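Q: Got a minute to walk through this one with me? Let's put it on screen.

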Amino acid sequence: MVIRFSVPAIVLMVLTLSFPAVIAAEDAALVYHGNIKSRVFHRPGCRYYDCAACTREFSSRQKAIDAGFKPCGICKP
């Protein structure tokens with residue numbers, strides 16, 4: 001029995017299988033800033049990323065959450 005896939009189907013399968021690895025690699029390269037007053041953390045590119053109270057840095061989203069910070073509702077890190 002031969003299963004034939006179209007090119008778009010193969011591309012979709014490859015992207016679906018590799019997507020979690022891409023997210024993990026992107027997350028590892030990000031430095032999150034945490035606001036020490038509001039206990040909210042932001043991703044680079046967020047309009048609040050460089051606020052005066054955003055002095056805590058986190059190397060991952062999970063580390064920010066483990067430290068008691070909440071994700072920003074705007075940039076949704």
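The chat below goes through strands, aromatic pairs and a few single residues.

Q: Before we start, what kind of model is this?

A: A predicted model.

Q: OK, strands. Which way do strand 1 and strand 2 run, parallel or antiparallel?

A: Antiparallel, with three bridges joining strand 1 to strand 2. One facing pair is asparagine 35 and valine 40, the latter in strand 2.

Q: What sits between those two strands in the hairpin?

A: Four residues separate strand 1 from strand 2 there. Arginine 39 takes a positive phi near 60° in that hairpin.

Q: And how many bridges link strand 1 and strand 3?

A: Three, and the pairing is antiparallel. Tyrosine 32 has phenylalanine 58 of strand 3 as its bridge partner.

Q: Strand 1 residues, then: which ones are on each side?

A: Strand 1 covers residues 32–35. Tyr32 and Gly34 are on one side, His33 and Asn35 on the other. All four are buried, so both faces of the strand are covered.

Q: Switching to aromatics. How many pairs are there?

A: Two aromatic pairs. In one of them, the ring centres of tyrosine 32 and phenylalanine 41 are 5.7 Å apart.

Q: Why is that pair called edge-to-face?

A: Because the planes of tyrosine 32 and phenylalanine 41 stand at 90°, and edge-to-face needs over 60 degrees. Tyrosine 32 and phenylalanine 41 are both buried.

Q: What about phenylalanine 58 and phenylalanine 69?

A: Edge-to-face too: 5.0 Å between centres and 65° between planes. Phenylalanine 58 is in strand 3, residues 56–58. Phenylalanine 69 is in the loop between helix 2 (61–66) and strand 4 (70–71), so the pair ties together parts 11 residues apart in sequence.

Q: Are those two buried or exposed?

A: Phenylalanine 58 and phenylalanine 69 are both buried.

Q: Next, histidine 42. Where is it?

A: In strand 2, residues 40–42.

Q: Why does histidine 42 count as buried?

A: Because its relative accessible area is 5%, and the cut-off for buried is under 20%.

Q: What does histidine 42 touch?

A: Leaving out residues up to four places away in sequence, histidine 42 touches Tyr32, His33, Asn35, Tyr48, Tyr49, Cys54, Cys72 and Cys75.

Q: Last one, alanine 29. Buried or exposed?

A: Exposed, because alanine 29 has 64% relative accessibility. Alanine 29 lies in helix 1, residues 7–29.

Q: How far is alanine 29 from serine 59?

A: 7.8 Å in space, C-alpha to C-alpha. In sequence, alanine 29 and serine 59 are 30 residues apart.

Definitions and conventions
Residues numbered from 1 in each chain as written. Predicted model: local features only at pLDDT ≥ 70, side-chain atom pairs only at ≥ 80, totals over all residues. Heavy atoms only, no water. Buried < 20%, exposed > 50% of the residue type's maximum accessible area, 1.4 Å probe, protein only. Contact = heavy atoms within 4.5 Å. Phe/Tyr/Trp six-rings, centres within 6.5 Å; stacked < 30°, edge-to-face > 60°. Pairing = 2+ DSSP bridges.
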